[in-house]
Amino acid sequence: MSRIVVICGSPRKKGNTEELVRMFAKGAAEHNDVEIIYVRDKKINFCIGCDHCKRKEGVCIHHDDMLSIYEKLKNADVLILASPVYFYGISSQLKTVIDRLHNPIRDTFHLKKLGLILVGADTLSDMFDSIITQYELSLRYFSLEDAGRLLVRGAAKRGDVFNTTGPQEAFQFGKSLESST
Ligand SMILES: Cc1cc2nc3c(=O)[nH]c(=O)nc-3n(C[C@H](O)[C@H](O)[C@H](O)COP(=O)(O)O)c2cc1C
């Protein structure tokens, strides 16, 4: 039984990212404790690089919803980042959460694995490349194991993802984490 936290980075309610995340959680839930965090429901300020957190033992100048995310990450084994592709990058909502991990509070996390779920409208072979590069560098920097990646192309409008194999693959991705940590 692993504790899995999924951060859903789409601002669009009931969008394609959300559908993939739900299917992932369905697949993973049988043998794991899974929690989905929807960043669209959270009030999270930008990291301003003031380094207050470094001088004050992890205390951030912002008192916002990121504090509860820190608490959840303290107890997680696996973190799954999910995002729509926005101009070949992740959504700014998800990036805002990631930037707040500049805080040394991250040293209290016991994360072992990181995974990725992405969806975009294009069908280009290289449409995920810049995100994958950032992801792989992050795995190395934080010494995390790759839990897997799901990359879904050709989903533009809400619900388009159901015309792809994405939901089924998301379920299998979740299931694959059954006894892996
Ligand atoms: C601001 C913005 C930028 C986008 N940029 C890209 C892009 O670079 N490549 C792509 O394939 N799709 C792009 N899209 C399309 C979304 O990735 C696509 O509609 C996706 O399914 C949205 O996921 P959601 O339904 O979870 O919000 C963009 C959409 C928006 C709103």
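**Exercise 1. Find how many aromatic pairs the model has, and describe one of them.**

Step 1. Start with the rule: rings of Phe, Tyr and Trp (its six-membered ring) pair if their centres lie within 6.5 Å, and planes under 30 degrees apart are stacked, over 60 edge-to-face, the rest tilted.

Step 2. Applying this rule gives two aromatic pairs.

Step 3. Phenylalanine 24 and phenylalanine 173 make an edge-to-face pair, with 5.1 Å from centre to centre and 70° between the planes.

Step 4. Phenylalanine 24 belongs to helix 1 (residues 16-29) and phenylalanine 173 to helix 6 (residues 166-176), so their pair ties together parts 149 residues apart in sequence. Helices here are DSSP runs (H or I, at least four residues), numbered from the N terminus.

A note before you go on: this is a predicted model, where local features need pLDDT of at least 70 and side-chain atom pairs pLDDT 80 or more, while totals for chains, interfaces and linings use all residues. Residues are numbered from 1 along each chain, and side-chain values use heavy atoms, without hydrogens and water.

**Exercise 2. Describe the polar contacts of the ligand with arginine 12, asparagine 16 and alanine 156.**

Step 1. A polar contact is a pair of N or O atoms within 3.5 Å.

Step 2. In the side chain of arginine 12, an N or O atom is 2.8 Å from a ligand oxygen.

Step 3. Polar backbone atoms take part too: one of asparagine 16 lies 2.8 Å from an oxygen of the ligand, and one of alanine 156 lies 2.7 Å from a ligand oxygen.

Technical notes. Polar contact = N/O pair within 3.5 Å; in protein donor to acceptor, adjacent residues only side chain to side chain. Helix = DSSP H or I, 4+ residues; strand = E, 2+ residues; numbered from the N terminus.
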